[in-house]
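Please read the points below alongside the sequence and the coordinates. They take up a helix pair, a sheet and the confidence of the model in turn.

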Amino acid sequence: MAAQRAGVGQGGSVDIDEGAPAPNSSLRRSGDSAEVAAGGGIPAIEVSHVTKDFAGRSAVSDVSFSVARGEVFGLLGPNGAGKSTIVRTLGTLLAPTSGSATVAGIPLTRENGVEIRRRISIMPESPGLYLRLSVVENLECFAGLYEVPDPSGRIDRVLRAVNLADRAKDVCGILSKGLRQRVALARALLNEPEVLFLDEPTAGLDPVASRDVHELIGALGRGGVTIFLTTHRLDEAERLCTRVAILNRSLRTVGRPDELREQLFAKTLVARTLIPLATPDAVFAGLPAVTSWRQDRPATYVLAVSESAVAAPAVTRALVAAGADVLSVGESPHSLEDVYLELINDDEEASVR
Amino acid sequence: MTVNTTRVRAIYRKELREYRRNGSLVIGAMAVLPLLFVVPSLIDVFALPASSASELRNGDPLLYMLGIPAIVPAALAAYSVVGERQQGTLEPMLATPIRREEFLLAKALAAIVPSLAVAYAVYALVLACIGLFADPAVASALVRGPEIVAQLVFTPLLAAWSIWIGIAISTRSSDVRVAQQLGMLANLPSVAVTTLVAYDVIHATLGLALVLAVALLALIGIGWRITSALFDSERLIAGAR
């Protein structure tokens, strides 16, 4: 993905020029500012109480969230959680059973389907290329469907953006999965979308191909394109997304990855001592800031606290008073994966009950 | 509803490119099938003596070739939607601004143009072969002006009807081969009628030709509407109703 540079084009266009390092600046939409990306203005996507049933079975239920323009928004969830259903619904491919939404500022109705699809792009999980046709022939078809002005110039630019200019004449059937994914991404960029839906963009890709796709998504996000990414790869979401939502048929939570960690795990302290405490209950039970505790490993104690800033000094003092050799007392380090597993496990436990 | 010709043209061009690259479809549906249809009959025609000419004048034997525009496009049309679905290209296609009607129209055009080319080319080849190799009396009994006009008029009508049946089956099918077989089966009535006319079981008259042409035009209109109604993008993408 090297040797490209993007500039701010006229009238909302994506400029992709050659000659400067990429990917961090390889694609950019004009008219999208940092303020807008930070959440100001009309949201790129607004979803309100959307439910989608198939044959009486709920695929997604009462989902509400909004995505700011220029934001990279991640939708996480296990298989069958309804991620693709949400993408297809917002992409006007499926009609919601109930609820409402706006996409690219346009109300999601059957009548507005063509106009919405003009302004967005969807890259489905499977690239969906015509394998007997060449890369450029695939893109020519979609350039026609989007009525792209100067299609050959535009195709040339998107191919350079995904670093496939030298494979333009290759038949798609001979390309590797990673290269096909890049062609699908080039196809999704043809119409300079305001909102780009990426459904599991790195599913089945090897680490190098995944990294390439990540770099391109990062570049698009920095360029101001609103990106709606579904994935079950938590590292991918944590690295790329400004905010994530966790979906398991209904929406479990929405927020920045660090906010979610804070919400779920900030009230947990981990205390480590050199040797196990003889009577840990006597040490922790009397502390007003500690609501409960458990022993994680022989000399590691996980404490549920009302407020970690108050509890940490009290716990340290209590350990010292009990004669323990304290190695550390601090907030427990958690990843987005912990947040995800906590929420999804809650759902699984609830369904068992 | 307005039809966007740029979008229709984009799919039409893509379809023709795919036909060119899909050797088995082109050779099977567009070459082998028509030849299997005409070669045995041609061999019989070449062997006919001049004395059989008067008997030939009682019927319209070459009208059996109308079976070609009834059968050839069925295979192409039956592939049109389920083929896209099976190779995973339907969802990206429908995620573009294309309307359902534009998509179906482009598919129908892409099926009818090569089908007409094949049907007319095979008919011209048969006429040329008869002119060159059949007994002159047999040739003049077989090649007649009204029959040629009927062939030229009914070829596109039968092809269009066959295409709407094929696409309608394709929208509701989940397997390409099943769709193609059903498409062929669904066109057997058309083949049966043209064969009965060719062998004078149903006597061809101008009135009958007009009635059949009007009936086919009406069926084509109905077929277009039914196919549009059957095209449920939600079911095609999510596999559910």
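Which residues in α4(B) meet which residues in α8(B)?

1. Those of α4(B) include B:Pro69, B:Ala70, B:Pro73 and B:Ala74, and those of α8(B) include B:Thr155, B:Leu158, B:Ala159 and B:Ser162, a contact being a pair of C-beta atoms, placed from the backbone, within 7 Å. By class, this contact has 15 nonpolar, 6 polar and no charged residues.

2. This is a predicted model, in which local features need pLDDT of at least 70 and side-chain atom pairs count only at pLDDT 80 or more, while totals for chains, interfaces and linings use all residues. Residues are numbered from 1 along each chain as its sequence is written, and chains are lettered from A in the order in which they are written, with ligands numbered from 1.

3. Helices α4 (residues 67-86) and α8 (residues 145-172) of chain B pack at about 30°, their axes 7 Å apart, and are therefore roughly parallel (angles under 35 degrees).

4. In chain A, an open sheet of 4 strands follows the order β14-β15-β13-β16 with antiparallel pairing, where pairing requires at least two DSSP bridges. β14 (290-297) and β16 (326-331) of chain A stand at the edges with a single partner strand each, so one side of each lacks a neighbour in the sheet. Between β14(A) and β15 (residues 300-305) of chain A there are 6 bridges, and A:Arg294 stands opposite A:Val302 in β15(A).

5. The mean pLDDT (confidence in each residue, from 0 to 100) of chain A is 82, but over residues 1-39 of chain A pLDDT stays under 50. Where pLDDT is low, the predicted coordinates should not be read in detail.

Notes:
Helices (H or I, at least four residues) and strands (E, at least two) are DSSP runs, numbered from the N terminus. pLDDT is the predictor's confidence in each residue, from 0 to 100. Two residues are in contact if their C-beta atoms, placed from the backbone, lie within 7 Å. Axes are lines fitted to C-alpha atoms, for helices over the stretch in contact, and angles run from 0 to 180 degrees between N-to-C directions. Angles under 35 degrees count as roughly parallel, over 145 as roughly antiparallel, 65 to 115 as roughly perpendicular and the rest as oblique. Ala, Val, Leu, Ile, Met, Phe, Trp, Tyr, Cys and Pro count as nonpolar, Asp, Glu, Lys and Arg as charged, and the others, Gly among them, as polar.
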